[in-house]
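Hi,

Here is the structure I promised to send over. Have a look at it first, then read on for my notes.

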Amino acid sequence: MLSYLTSKLRFSISFAAVIYLFIANAYSSAAPKISGLQCEYLISPLGIDSQHPRLSWMLNDIRHGAIQTAWQLSVSTDSVLVKEGNAWQTNKTSSNISRVTYKGTPLQAFTKYYWQVTVWDKDGKSIVSPVASFETGLMDKNNWKGTWISDDNGISVKPAPYFRSVFTVNKKIKSARAYIAAGGLFELYLNDQKIGNHRLDPMYTRFDRRNLYVSFDVTRQLQSGKNAIGVLLGNGWYNHQSTAVWFFDKAPWRNRPTFCLDLRITYEDGNTETITSNKNWKTALSPIVFNSIYTAEHYDARLEQPGWNTVNFTDSLWKPVTLRQAPAMNIVSQTMQPIRDVEKIPAESMKKFDDETYVFNLGRNISGVSQITVRGQAGTVIQLKHAERLNKDGHADQSNIDMHYRPTDDKDPYQTDIFILSGKGEETFKPRFNYKGFQYVEVSSDKPVSLTKESLVGYFMHSDIAATGKINTSDNTVNKIWQATNNSYLSNFFGYPTDCPHREKNGWTGDAHIASETGLYNFDGITVYEKWMADHRDEQQPNGVLPSIIPSNGWGYEWGNGPDWTSTVAIIPWNLYLFYGDSKALADNYDNIKRYVNHINELYPTGLTTWGLGDWVPVKSVSPVELTSTAYYFTDVTILAKAAKLFHKTSDAAKYCALAQKIKDAFNAKYLNRETGMYDKGYQTELCVPLFWGLVPDELKSKVAANLAERVKQDNYHLDVGILGTKAMLSALSDNGYPEVAYAIASQETYPSWGWWIVNGANTLYENWKIDSKSDISLNHIMFGEIGAWLYKGIGGIKPDEKKAGFKNVILTPNFIKDLDHYESEHDGPFGKILSSWKRVGANIAYHVVIPANSTARLTFPELNGKKVYIDDKAISMSGTLHLISGTYDFVIR
């Protein structure tokens with residue numbers, strides 16, 4: 001078929017051309033269909049609390065120019081009569097949007113809703129989606145019937161508590177749902193079966209301000225007659241018994257773990273019954289004799305009580321429970337992907353020192369736990385010490401990750417699980433309420449045991465978010481950097497983004513906003529980020545100040561929380577808008593961003609701020625804190641001005657546009673030499689940060705970029721930046737005409753570089769460019785992770801368009817790097833898969849592009865040095881930008 005692509009001159013707006021391109025294989029026999037139906041970015045979720053949930057879908061239509069011309073949606077409580085839409089029936093709406101907010105009759109608690117969407121394609125033909133569903137939870141805190149309960153022990157008691165109750169079901173069950181909230185962590189059991197495959201529920205929040213509850217379908221676990229329900233509680237961040245420099249043991253919310261449960265049964269006769277946590281439950285201490293989210297878990301198998309969560313168990317020695325106040329009155333649904341054991345990793349090797357000492361190597365650095373299977377005498381004490389590296393003698397070395405731990409005795413060794421055997425044959429232990437960062441596990445015992453390489457496995461744990469991106473190049477080091485970046489990103493995603501999975505486990509704001517683009521190109525993390533933005537709102541003080549770690553026990557309000565770190569409050573909602581086209585997080589945070597910006601303006605009326613940590617962990621050159629912090633302050637104000645415009649807040653838009661200009665003018669007046677195009681001393685950070693964040697005057701961008709490229713050349717194409725400079729460096733070069741220089745940095749294999757880590761055995765990203773550093777040398781940090789985003793932006797050129805966010809329009813600016821033979825990138829956006837790939841074929845370049853249905857793209861080729869672009873052997877004008885409709889394109893540059 002023939003299609004039109006409009007070409008606009010890059011340097012002149014007075015000329016426009018329309019060219020015909022013949023698109024090969026434009027038609028396909030595959031019938032268009034609707035897929036990807038989600039509610040609140042989840043598939044058939046349970047426990048929705050929102051009265052206005054977001055419903056989204058995707059048009060799968062590979063035909064050229066595929067687009068949705070209209071849609072109609074129905075929501076019903078009847079799966080058979082879903083089209084009648086007894087809850088919500090929209091009119092046929094001429095629009096290509098594929099996400100709508102529910103606006104039907106008020107949603108009722110504990111109700112399953114079915115929904116279906118009909119769309120009309122480019123030819124006006126209707127396509128009906130499958131039926132999807134979502135189910136509401138309690139919807140309102142007043143719907144809780146259960147009581148918060150605990151045992152009568154204090155915060156210093158080490159063993160984790162069991163709880164149990166028996167109830168009778170005399171009628172036929174239609175469905176059953178368990179809703180459970182906890183201060184601490186929980187595992188839920190029904191009739192000896194663990195419910196669900198989640199780990200570390202509920203996700204960490206500031207417990208005295210917001211608690212999360214988790215919903216489970218437990219229909220299949222119930223039985224006619226008597227049933228036993230059991231709950232095992234862990235400390236988590238609620239009762240932090242380990243001591244470290246952040247003083248979580250002194251958290252204002254700290255208390256013995258507690259929970260509240262409603263098990264709601266719907267019978268076939270239409271009646272309902274709710275089994276609740278109440279004073280009739282019984283409790284006892286479990287074999288988990290110690291558990292710390294920060295350090296480890298200790299388990300004494302001799303204390304096991306087989307059948308504790310079954311009907312016939314004798315609990316006469318168990319104690320009554322204690323009634324407790326809720327940690328907070330704000331109890332909301334945990335509407336997000338849970339943490340899971342995502343991958344089982346067998347040990348790659350094992351070294352035996354003697355019958356009491358073994359060291360296992362997983363072959364890769366992970367966040368998670370190990371599981372050991374062993375036989376031995378009753379009372380044998382086995383210690384499993386987890387570490388990222390080994391000493392020269394081959395034993396586990398924790399010296400790079402234990403420096404902030406402040407133990408008060410020797411009873412809680414760092415990252416060291418303790419397993420005491422029962423002596424009853426083969427025994428297996430895996431921690432329930434802890435995770436660690438490690439590659440090696442040193443197993444030592446006080447009596448001889450026989451272990452093999454198969455005796456220990458690792459489990460890679462993290463928020464179970466779907467992959468949405470893929471990179472592959474002809475440079476294997478670059479491929480490994482991308483993989484290592486993803487490994488570190490996932491290792492630091494546990495219901496909130498963290499800095500490292502061992503030494504701190506803290507939600508450091510700076511690390512998180514730096515890595516947010518990397519995360520959103522590679523993973524579907526919106527539900528976790530939206531939860532974390534709610535954590536921000538919980539933590540913000542009335543004057544706008546945020547702590548540097550979120551959630552926080554109060555630490556971080558006094559250090560490290562300038563705009564270079566806590567710009568998360570603006571940058572992450574803005575990135576969610578860019579990647580998903582969804583402004584909810586931006587709207588939810590709007591007042592918080594405004595309070596934050598206003599506070600900085602009050603403190604620093606000149607427009608320049610010195611509040612911040614600066615370019616953390618620089619290679620050698622140190623840039624002014626005022627330069628980097630002011631750049632982030634400018635970014636926050638700019639985002640606020642854009643959000644005000646988006647939400648039609650005209651007065652705010654004008655106010656914050658003017659403030660942004662004031663900051664920019666003050667910044668350039670102090671730091672920019674207009675004659676030379678040099679900022680401050682001309683260090684890499686001082687040049688790339690203004691370029692990346694938009695502070696450079698348009699007429700001087702090329703001069704500043706040239707200075708940056710020259711500076712990199714003087715530094716032998718190596719980095720001389722800290723984490724803030726690393727965020728800006730690669731894109732500042734590739735976006736301003738120097739992609740080859742950027743790639744030279746990205747692909748380096750000598751110090752300091754990402755490749756330097758890789759050639760020295762890294763499979764995750766490190767905390768320091770110096771691999772032999774005496775401090776700040778965690779081997780699993782995400783703060784240098786911007787390269788994971790740049791591989792999409794800087795080479796594939798896949799970028800969201802803020803004017804048509806969510807990849808409604810894709811900006812494509814590929815760079816055909818001379819040192820690469822091939823490059824492939826793909827990203828699954830809200831409308832489908834975007835591909836930007838190329839390979840060298842002799843002296844030519846074959847460039848392959850796929851734009852999903854319902855999207856468009858603006859393609860700008862780089863300087864081609866006299867070569868021309870062809871499609872189906874027809875040369876096309878390369879004097880401007882090509883505007884592409886959806887479909888597949890194969891260009892040849894020759």
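Below is what turned up, spot by spot. One thing to keep in mind as you go: this is a predicted model.

**A sheet of three strands**

Start with the open sheet, where three strands line up in the order S3-S4-S7 and pair in the antiparallel sense. Strand S3 (33–39) and strand S7 (99–101) are the edge strands; each has a single partner strand, so one side of each has no neighbour in the sheet. Going from one strand to the next, the twist averages 20°.

If you want to see one of the pairings up close, look at strand S4 (residues 54–60) and S7, which are joined by three bridges in the antiparallel sense. Across from Arg-54 you'll find Thr-101 of S7.

**Two helices that cross**

Now jump along the chain to H7 (residues 590–603) and its crossing with helix H9 (residues 650–671). Two packed helices are described by the angle and the distance between their axes. Here the axes come within 13 Å and cross at roughly 40°. That angle makes H7 oblique to H9, and the crossing is left-handed.

Who does the touching? On the H7 side the contact is made by Tyr-590, Lys-594, Val-597, Asn-598 and Asn-601, while H9 brings in Asp-652, Lys-655, Tyr-656, Leu-659 and Lys-662. Sorted by type, the residues of this H7–H9 contact come out as four nonpolar, two polar and four charged.

**Asn-601, a residue of that contact**

Asn-601 sits in helix H7. Is Asn-601 buried or exposed? Somewhere in between: its relative accessibility is 26%, so Asn-601 counts as partly exposed. Not counting residues up to four places away in sequence, Asn-601 touches Tyr-633, Leu-659 and Lys-662. Try finding Val-637 as well: that residue is 36 residues away from Asn-601 along the chain, and their C-alpha atoms are 9.9 Å apart.

**Another asparagine, in a loop**

Finally, take a look at Asn-235, in the loop between strand S17 (225–234) and strand S18 (258–267). Buried means under 20% relative accessible area. With 2% relative accessibility, Asn-235 therefore counts as buried. What is Asn-235 in contact with, leaving aside its neighbours within four places in sequence? The list is Gly-184, Leu-185, Gln-241, Pro-257 and Asn-291.

That's the tour. Shout if you get lost in the viewer!

Cheers

Methods. Residues are numbered from 1 along each chain as its sequence is written. This is a predicted model: local features need pLDDT of at least 70, side-chain atom pairs count only at pLDDT 80 or more; totals for chains, interfaces and linings use all residues. Side-chain values use heavy atoms; hydrogens and water are left out. Two strands pair if DSSP finds at least two bridges between them. Helices (H or I, at least four residues) and strands (E, at least two) are DSSP runs, numbered from the N terminus. Axes are lines fitted to C-alpha atoms, for helices over the stretch in contact, and angles run from 0 to 180 degrees between N-to-C directions. Buried means under 20% relative accessible area, exposed over 50%, partly exposed in between (1.4 Å probe, protein chains only). Contact means heavy atoms within 4.5 Å. Angles under 35 degrees count as roughly parallel, over 145 as roughly antiparallel, 65 to 115 as roughly perpendicular and the rest as oblique. A crossing is left-handed if the near helix is turned anticlockwise from the far one by less than a right angle, and right-handed if clockwise. Ala, Val, Leu, Ile, Met, Phe, Trp, Tyr, Cys and Pro count as nonpolar, Asp, Glu, Lys and Arg as charged, and the others, Gly among them, as polar.
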